[in-house]
Amino acid sequence: MSLSTAAEEPTAQEIHIPADIEWQMLDKSKFFLLGAALFSGVSATLYPVVVLKTRQQVAQSHVPCVRTAIWIMRHEGIRGLYRGFGTSLTGTIPARALYMTALEVTKSNVGKATTRLGFPEPTSAAVANAVAGLSAAMAAQVVWTPVDVISQRLMVQGNGCVGGRVQSAFGALPCKYINGVDAFRKILNTDGVRGLYRGFGISILTHAPSNAVWWASYSVAQRLVWGGMGCFLCKNEEERLDNGVISVSNVTTSGTNNGLRPDAKTVMVVQGLSAAIAGGFSALITMPLDTIKTRLQVLDGDESGRKGPSLGQTARNLVREGGWMACYRGLGPRWASMSMSATTMITTYEFLKRLSAKNQPELT
């Protein structure tokens, strides 16, 4: 892959980016084993931010993120920031496996199809990334939705738990779950399988478009960042070129026809920056749906068989509490979570693919 930095000039320099590693080039066993280990570490690092976001979304009134974090640490300790983590981690491993498989297979097939149809390479890459993100999110939600339902109920269970009950936006909810297994059993007994998939439809509506937007935005953002870097480097080259061999920061070129070749660190920085931009953009667009989804999944049926509010009722109750801005409660933590998650995920993911390649490519 190469990006022209001054296409109008016949001696234009190009940035030569290491080629993408396709699905068929990966050692699958190494890919999944290393992926489970690497992404478990990423999940552990970012989990407290997810807890803060969830607590804010189910709160009856707006509470600043910092105050929420201080309250949890004071009353529940560090364990409060990791409520439901065991359940989340258990589900994350198979969900990630499904996600990565669907992502890579779809991206490879759609990329080839769009190229055959004559799409320009940038358009082909953006379309392939968007469709791959959409299919990956839909596949992973089969596992992630039950995990979300259980882990989110454990997250909020410690929120204002007094006298065996939780004071929340929905009234007093019983503090009845001992752990993830106990929550799974009780939800199944009360609501059946449908209880575990509560909010599945809106999860698809939230995560599928969000992933499509993210992957497409990531593809576009990466080209914009590389393009901007190319323009900057070309200006530096004109100033510093003296004998046909130059060195500019972490990007080097030998002669005027070979172009600019970024090293592994530069590639990683550009990928991380592009991922953060795409993550923030996606978080802003999908925030209202995520807030409604979280509330819907936290609601429980009762022993008499009465069901919780419907999707429409949940949305109306939320707007009644705080207007349309209530739909953006927890935006700060979610923005931070998605940006940090996107940055760590994409750099980890690209690193994982290079470690798992059957014939490992040069990184420089």
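Q: How should the UniProt positions be read here?
A: They're in the numbering used here, and annotations may be inferred rather than shown by experiment. With that in mind, the unreviewed UniProt entry puts a "transmembrane region" at residues 31–52. The model itself is predicted.

Q: What makes up the span 31–52, helix or strand?
A: Helix: the span is 100% helix and 0% strand, with its end C-alpha atoms 31 Å apart.

Q: Why is the Tyr-47 and Phe-85 pair called edge-to-face?
A: Ring centres have to lie within 6.5 Å, and planes over 60 degrees apart count as edge-to-face. This pair has 5.1 Å centre to centre and 70° between the planes, so edge-to-face is the right label.

Q: What does that pair tie together?
A: Tyr-47 sits in helix H1 and Phe-85 in helix H3, so the pair links parts 38 residues apart in sequence.

Q: How do you know whether Tyr-47 and Phe-85 are buried or exposed?
A: Buried means under 20% relative accessible area. Tyr-47 comes in at 4% and Phe-85 at 16%, so both count as buried.

Q: What makes Trp-214 and Trp-215 an aromatic pair, and of which kind?
A: Their centres are 4.7 Å apart, with 85° between the planes. Set against the 6.5 Å and 60 degree cut-offs, that's a pair, and an edge-to-face one. Trp-214 is buried at 6% relative accessible area, and Trp-215 is buried at 1%.

Q: Why does Lys-28 count as over the face of Trp-23?
A: The charge must be within 6 Å of the ring centre and within 35 degrees of the ring normal. Lys-28 is at 4.8 Å from the ring centre, and it lies over the face.

Definitions and conventions: Residues numbered from 1 in each chain as written. Predicted model: local features only at pLDDT ≥ 70, side-chain atom pairs only at ≥ 80, totals over all residues. Heavy atoms only, no water. Helix = DSSP H or I, 4+ residues; strand = E, 2+ residues; numbered from the N terminus. Phe/Tyr/Trp six-rings, centres within 6.5 Å; stacked < 30°, edge-to-face > 60°. Buried < 20%, exposed > 50% of the residue type's maximum accessible area, 1.4 Å probe, protein only.
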